[in-house]
Amino acid sequence: MAQPVLEWQAGTVTAIRPETRQTKSFTLALPKWMAHRPGQHYDIRLTAPDGYQTERSYSIASPPERIGELELTVERIPDGEVSPYLHDVLVPGDQLEVRGPIGGYFVWDVALGGPLMLIGGGSGVVPLMAMLRHRAAQHAAIPARMLYSSRTAGDVIYRDELDRLAGSDRAFEVFYTFTRQPPADWTGYRRRIDATMLSEVIKPFDRRARVYVCGPTLLVEAVANVLIEMEVPTEQIRTERFGPTGA
Ligand SMILES: Cc1cc2nc3c(=O)[nH]c(=O)nc-3n(C[C@H](O)[C@H](O)[C@H](O)COP(=O)(O)OP(=O)(O)OC[C@H]3O[C@@H](n4cnc5c(N)ncnc54)[C@H](O)[C@@H]3O)c2cc1C
């Protein structure tokens, strides 16, 4: 289905919150706010004094139940053009040109049902968090599991919120894996996501799961291949690639 033409609008930064050493969440108040579907993103456009413009996409972290504003969570890519600007220059009160919500494929809402299997690497957890926040806001008991790959303990975005959610909601479980430095005394997974790990985590849902995979290209491709080998029907798998490197 064709998407309506979306206009650029100036959002006002109302809050900036550090999530990890490399990630921050930005709250924007939008004059022309529209309800989004969890998984969708906004484009951000920066314009230099000489008129040079550049755009990047950022997934919406907040649920559509948060009316009038949206939250984005951005990882700082050290040699990047846009993410260091957002991290190092932007302050509350500033305006930011945005356009959205965009995307109709990598989306989930409670009407689609479950069971829901979310697989994320690094900042790929952002659109998955919007799905979980929406599920929680709707008090939906749809069974959901998340498998989240990070480099180190300090790189896990939304750790407290995920653990709180898992502790208070019997239908939700979160599984972490660490590819470099796990927390001290860690007894869980400590490697890249592979076929054994994925089949252990997805087991209770079997091939019925609706699976959303988001993160670095290498992770997304590896996971998608395993899911196909596991004979999860392709129409139940949705993927989104954020960037070139692996977690
Ligand atoms: C649909 C969509 C949603 C996205 N949502 C998010 C989000 O919620 N949060 C978020 O932080 N990012 C997200 N991204 C990635 C984001 O759009 C930018 O690519 C990222 O912020 C880098 O932009 P930059 O201008 O800082 O770096 P650039 O100047 O574009 O790149 C600088 C260098 O970093 C490399 N690079 C680019 N992106 C990445 C990356 N993600 N990881 C590692 N290296 C990279 C480039 O190859 C290049 O070498 C999303 C991308 C897409 C397509």
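How many bridges join strand β3 to β6, and do the two strands run parallel or antiparallel? In this predicted model, strand β3, which covers residues 41-47, is joined to β6 by 4 bridges, and the two run antiparallel. One place to pick up this pairing is His 41, whose bridge partner in β6 is Ile 102. Strand β6, made of residues 95-102, is also joined to strand β1 (residues 9-18), again by 4 bridges and in antiparallel fashion. Here Thr 12 can serve as a landmark, with Gln 95 of β6 as its bridge partner.

A wider view of the chain helps to place these strands. The domain assignment divides the protein chain into domain 1 (9-102) and domain 2 (110-241). Taken over C-alpha atoms, the centres of domain 1 and domain 2 are separated by 24 Å. The two domains touch: 16 residues of domain 1 are in contact with 15 residues of domain 2. On the side of domain 1 that touches domain 2, 7 residues are polar, 5 are nonpolar and 4 are charged.

Attention can now turn to a second set of strands. Five of them, in the order β9-β8-β7-β10-β11, form an open sheet with parallel pairing. The edges of this sheet are β9 (172-181) and β11 (237-241), each of which pairs on one side only. From one strand to the next, the twist averages 10 degrees. Within the sheet, strand β10 (residues 210-215) runs parallel to β11 and is joined to β11 by 5 bridges. A reader tracing this pair can look for Gly 215, whose bridge partner in β11 is Arg 241. Helix α5, residues 217-229, packs on the sheet and touches β7 (116-121), β8 (144-152), β10 and β11. The direction of helix α5 makes about 155 degrees with that of β10.

The ligand brings the two domains together in one description, with at least three residues of its shell drawn from each of domain 1 and domain 2. Which residues come nearest to the ligand? Of the 21 residues around the ligand, these are Ser 59, Gly 80, Val 82, Ser 83 and Gly 243. Two elements, β4 (53-59) and β5 (69-75), give two or more residues to the shell. The largest share, 4 residues, comes from β4. By character, the residues of the shell divide into 9 polar, 7 nonpolar and 5 charged.

Terms used:
Residues are numbered from 1 along each chain as its sequence is written. This is a predicted model: local features need pLDDT of at least 70, side-chain atom pairs count only at pLDDT 80 or more; totals for chains, interfaces and linings use all residues. A residue is near a molecule or strand if its C-beta atom, placed from the backbone, lies within 6 Å of it. Ala, Val, Leu, Ile, Met, Phe, Trp, Tyr, Cys and Pro count as nonpolar, Asp, Glu, Lys and Arg as charged, and the others, Gly among them, as polar. Domain bounds come from an automatic or database domain assignment. Two residues are in contact if their C-beta atoms, placed from the backbone, lie within 7 Å. Two strands pair if DSSP finds at least two bridges between them. Axes are lines fitted to C-alpha atoms, for helices over the stretch in contact, and angles run from 0 to 180 degrees between N-to-C directions.
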